[in-house]
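Q: Hi, I'm new to this one. Could you show it to me and walk me through it?

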Number of protein chains: 2
Amino acid sequence: MKCAGTIDVRDIDESSINIDPIQVGGRLTADAMKAIIAYGDGYSVCDQCRKPFRLDYIKTPPVDHFHLDLASFVNMDIARVVPGARRGFQAVADAFISPGDPVLITALSHYTEVLAIEGRAGVIREIPKTESTIITADLAANKIEEVTREFHRSPVLLFLDHFDYQYGNCHDLGGIIKVAHQYDIPVLYNGAYTVGIMPVDGKNMGADFVVGSGHKSMAAPAPSGMLATTSEWAGRVFRTTGVKTDVTARTFGIKEIGMMGCTLMGVTLIGMMASFPHVRERVNHWERELANGRKVVDALRSIEGTIIQSEYPRKHTLTRVDTTGSFDRVAQTHKKRGFFFSSALKERGIAGIIPGATKVWKFNTYGMTSSQAEYLAAAFRDIARENGLIVTE
Amino acid sequence: MKCAGTIDVRDIDESSINIDPIQVGGRLTADAMKAIIAYGDGYSVCDQCRKPFRLDYIKTPPVDHFHLDLASFVNMDIARVVPGARRGFQAVADAFISPGDPVLITALSHYTEVLAIEGRAGVIREIPKTESTIITADLAANKIEEVTREFHRSPVLLFLDHFDYQYGNCHDLGGIIKVAHQYDIPVLYNGAYTVGIMPVDGKNMGADFVVGSGHKSMAAPAPSGMLATTSEWAGRVFRTTGVKTDVTARTFGIKEIGMMGCTLMGVTLIGMMASFPHVRERVNHWERELANGRKVVDALRSIEGTIIQSEYPRKHTLTRVDTTGSFDRVAQTHKKRGFFFSSALKERGIAGIIPGATKVWKFNTYGMTSSQAEYLAAAFRDIARENGLIVTE
């Protein structure tokens, strides 16, 4: 069925249990669904835009309060909405990095951090991970020393993912930030996989910047996200235009250079806003989410030859699993080859795994009910058994 | 009525004739409304994202074809979707401007062009306008000479608005681009007020970059837009990442630095796509739109003391009018002061003018039926007459 022209109706989250690693935290709430229908049109939040003509000053709908709420949500001083976490990275990179500056990321950093630094011609250096795939304060300290020797100065910025996108492992945020600050290196906390699904306290961690993703973890449409900072850095990353033009002597008010003026003028912002009361509440139930994830991870571990590559026990609902010794062994002789697996999942109403993937893959159980988690756990076990793999009870 | 939490239902375009200067070209089509309901969730267009994992390669929904359609729509070689026209300006500024470089805009340029240049520490110089508020090729040539003398080199880039946001006047695109090219200055065509509402032929004009706004003129949700270019410049503005990290030796495929990887991963893109067949068709009816605008402009001109500040006859549906000598005179003694005007419009079901504005204001008749245009024209005349202004028949 088409919803418009050549575009198929999308009903994956209505018809299936979706375990796509990047999609589950960005499903809209019912309130967001209603709000985006009312605010679909282009500049829909701008009806009541008055002087000084900036998004975060709009009172109706209450965009102004929402900005205060966002800052307080992650316990920082000031926040802006941005078209995706990556645009938050970009704004901070613009404010801190000059060509040739050393900039730290980690061995598990997301590619958008790399692009933000590359865009400013910064020189990227990675903090290595331990054998168990964790970024530690010791490794960070060593790398800072090494980079400082190489460049004869400290890195200008550190991008740090609390939980990384590859393994969903928890890294030593507090420890690393403490070390970085000993060298006066400001730290950008990448909360794409945390802000909106678990409690995040920026000041308590010591973060200089907290970036969140609306479409990844705040039940909002794409592209959306947030960038929050302290009063110490706000003037730098949210600096306003200082141009006075040569002919007309025009000036441009309090438009922020790094934000490119207003950022989310319609459906994306209203989606974030409508979901926000639910998002603020749901972060308090992270333990329940982890319990659901555990059911599924334990089921996978009970299948002979299956290795959970993420740290165990799990501290996040995103998990990376290696089934080369189990489902991929089946694929070698199955008439559907590697597609037997996604196909068997599909028959059971489970979606979100790349068709054909049977070696290393990721899944995310965020947002499930416990029955759905049990159903998914049973499905993995059943598929294993049906295909002759040994499953420990 | 609330649609969610503290957010009022928005029904301005259902309940009123909206003449807001920036909103009328961004109202969704019915197909876009349907599509955004199906694709509201965060990463909704990414269900079938496969290698090489980039937005413009997705086949279902047909994002790949849409990119080709967009390029062809403005007669350029290659196009990308971006989170608003401003992000297109930013990407081009990033690729062309180094600190201290002279960059040309015009006396009527939009503030987002200024921010894009300021973000790269370019030095802004304005091409003046004529007394009748037009940017001409002669003025452009003089300014290029002047800037070249000042900086001992040509400007590195020229931002040119076909129709400006202040007056909706038509500037000599072809002539200016020809002059700029004589000095080897690449030209960015800002089509925020053209692409999606009237035919735009980038190559015929000689534009190096064509930028359009989804939420301003392509019946799409915010933030959305497009950036198109020629094969000559595509490699520069859409350059892919070249980083290989020092510890893990990771590389990042064909992600584009200036785009920050993928840009519109959900509702914004699907809105653009669903509206596109209608948008492609509607640009052919620009003359009809102008005829509607004419009815309204002529009505305003028939009110004693009213001055059309935009060029006349109008070549765009966006018009700037000075009613200091008419409606503002009424406001001096009216018990509602300046609010009498927006209030009288509101009573007649007309929205989009800032309450209290009676001196210089703008309106846009785009997308009206001819009956609506006649109704609006009659409303202006009636309000004038009721308040004792002389209206010429």
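A: Here is a short tour, from the chains down to single peptide bonds.

Q: What should I know about the model before we start?
A: This is a predicted model, where local features need pLDDT of at least 70, side-chain atom pairs count only at pLDDT 80 or more, and totals for chains, interfaces and linings use all residues. Residues are numbered from 1 along each chain as its sequence is written, while chains are lettered from A and ligands numbered from 1 in the order in which they are written.

Q: OK, what rotation superposes chain B on chain A?
A: A rotation of 180°, with 0.0 Å of shift along its axis, and the RMSD is 0.0 Å. That's the relation of a two-fold axis. The fit is by least squares on the C-alpha atoms of residues with pLDDT of at least 70 in both copies.

Q: And how many residues of chain B are in contact with chain A?
A: 78 residues of chain B, against 78 residues of chain A. Being in contact takes C-beta atoms, placed from the backbone, that lie within 7 Å. The same surface serves both copies, as 100% of the contact residues of chain B recur in chain A.

Q: Which helix gives the most to chain B's side?
A: Helix α2 (residues 30–38) of chain B, with 8 residues. Helices here are DSSP runs of H or I with at least four residues, strands are runs of E with at least two, and both are numbered from the N terminus.

Q: What's that side made of, by class?
A: It has 42 nonpolar, 19 polar and 17 charged residues. Ala, Val, Leu, Ile, Met, Phe, Trp, Tyr, Cys and Pro count as nonpolar, Asp, Glu, Lys and Arg as charged, and the others, Gly among them, as polar.

Q: Switching topic: how is chain A divided into domains?
A: Domain 1 covers 2–24 + 285–386 and domain 2 covers 25–283, with bounds from an automatic or database domain assignment. Taken over C-alpha atoms, the centres of domain 1 and domain 2 of chain A are 30 Å apart. Their contact takes 16 residues from domain 1 of chain A and 19 residues from domain 2 of chain A. On the domain 1 side, strand β12 (residues 318–322) of chain A gives the most, with 3 residues.

Q: What sheet is β12 of chain A in?
A: An open sheet of 3 strands in the order β11-β12-β14 (chain A), with antiparallel pairing. Strands β11 (307–308) and β14 (360–364) of chain A are at the edges with a single partner strand each, so one side of each has no neighbour in the sheet. Pairing needs at least two bridges found by DSSP, and β12(A) and β14(A) have 5. In one of these, A:Arg320 has A:Lys362 in β14(A) as its bridge partner.

Q: How do α12(A) and α15(A) run relative to each other?
A: The axes of α12 (residues 286–301) and α15 (residues 370–386) of chain A come within 8 Å and cross at roughly 10°. They're therefore roughly parallel, a label for angles under 35 degrees (over 145 is roughly antiparallel, 65 to 115 roughly perpendicular and the rest oblique). Axes are lines fitted to C-alpha atoms, for helices over the stretch in contact, and angles run from 0 to 180 degrees between N-to-C directions.

Q: Last one: where does A:Pro313 lie?
A: In the loop between β11 and β12 of chain A. The peptide bond from A:Tyr312 to A:Pro313 is cis, with omega near 0°.

Definitions and conventions: Two residues are in contact if their C-beta atoms, placed from the backbone, lie within 7 Å.
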